[in-house]
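User: Could you walk me through this protein, one question at a time?
Analyst: Happy to! Let's put it in front of us and begin.

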Amino acid sequence: SWIDTTSKVKLLTWKGRYDLLLYASRRSPPLLLDEITSYSPEHKESNWDAIFARARTFNDDGHTCKMIRAVAHGEKASAPYETSDSNFKIQGRMWLQLANMGEGDIQMVYRDYVTNFVYTSVMDSRETGANWVRSAGFDEAWEE
């Protein structure tokens with residue numbers, strides 16, 4: 001291996017600390033499990049292949065694909081540890097539901113912007129990143 005075990009442990013520790021700081025600094029909203037389980041996808045074909053195919057055609061700054069890829073990796077990485085008595089709140093089909101929710105919300109926002117002529121071109125949305133609400137847990141993030 002090109003990196004020794006001690007260095008791997010340090011990197012993983014600092015990555016975890018960074019992720020916790022990032023999570024706290026964004027004031028992430030609470031996880032509402034019932035909204036995930038009761039969500040009804042807009043598209044009838046809502047398997048991973050279909051979601052990835054739609055995400056690749058969406059004109060944004062790349063966040064849609066990154067979000068869906070992260071959720072898919074979350075499903076794969078946590079699957080071996082998911083049991084009825086585990087502390088993993090997101091399990092099984094909920095991962096696919098989260099991807100559908102993210103994709104559906106982004107498409108809805110994009111349609112709303114296009115309908116209301118907020119963007120003069122696709123590049124405007126890519127440059128501003130306006131498809132994504134940054135730091136969504138703060139009231140100020142929703143002021144525009």
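**A tour of the model**

Analyst: Keep in mind that this is a predicted model. Buried residues make up 26% of the 144 residues in the protein chain.

User: How many helices and how many strands does the protein chain have?
Analyst: Reading along the sequence, you meet the pattern α-α-α-α-α-α. The secondary structure comes to 6 helices and 0 strands.

User: What share of the exposed area do carbon and sulfur atoms supply?
Analyst: The protein chain exposes about 10,600 Å². Of that area, the part supplied by carbon and sulfur atoms is 58%.

User: Which helix gives the most residues to the largest nonpolar core?
Analyst: This core has 14 residues, and Trp48, Ile68, Val71 and Ala99 touch the most other members. Helices α3 (48-57), α4 (63-78) and α5 (94-115) each supply at least two of its residues. With 5 residues, the top contributor is α5.

User: Which residues does Ile68 contact, leaving aside neighbours within four places in sequence?
Analyst: Ile68 is among the core residues that touch the most other members. Setting those sequence neighbours aside, its contacts are Trp48, Ile51, Phe52, Ala55, Ala99 and Glu103.

User: Why do the buried residues of α3 lie on the same side of the helix?
Analyst: The buried residues in α3 are Trp48, Ala50, Ile51, Arg54 and Ala55. They sit on the same side of α3 because they cover an arc around the axis of only 165°.

User: Which residues are exposed on the other side of α3?
Analyst: We have just seen that Trp48 and Ala50 are among the buried residues of α3. Turn to the other side of this helix, and the exposed residues there are Asp49, Arg56 and Thr57.

User: Which residue caps the N-terminal end of α3?
Analyst: Look for a side-chain oxygen that lies 3.1 Å from the backbone nitrogen of Asp49. The residue that owns this oxygen, and so caps the N-terminal end of α3, is Asn47.

User: Is Thr37 buried or exposed?
Analyst: Thr37 has its place in helix α2 (residues 33-37). Its relative accessible area is 53%, and the cut-off for exposed is over 50%. Therefore Thr37 is exposed.

User: What separates the C-alpha atoms of Thr37 and Met94?
Analyst: Along the chain, these two residues are 57 residues apart. Even so, Thr37 touches Met94 and Gln97, not counting residues up to four places away in sequence. The separation between the C-alpha atoms of Thr37 and Met94 is 6.4 Å.

Key:
Residues are numbered from 1 along each chain as its sequence is written. This is a predicted model: local features need pLDDT of at least 70, side-chain atom pairs count only at pLDDT 80 or more; totals for chains, interfaces and linings use all residues. Side-chain values use heavy atoms; hydrogens and water are left out. Helices (H or I, at least four residues) and strands (E, at least two) are DSSP runs, numbered from the N terminus. Buried means under 20% relative accessible area, exposed over 50%, partly exposed in between (1.4 Å probe, protein chains only). Accessible areas come from the Shrake-Rupley method with a 1.4 Å probe; for residues, only the protein chains shown count as cover. A nonpolar core is a set of buried Ala, Val, Leu, Ile, Met, Phe, Trp, Tyr and Cys residues joined through side-chain atoms within 4.5 Å. Contact means heavy atoms within 4.5 Å. The arc is that of the directions from the helix axis to the C-beta atoms. A polar contact is a pair of N or O atoms within 3.5 Å; within protein, one must be able to donate a hydrogen and the other to accept it, and residues adjacent in sequence count only if both atoms are side-chain atoms.
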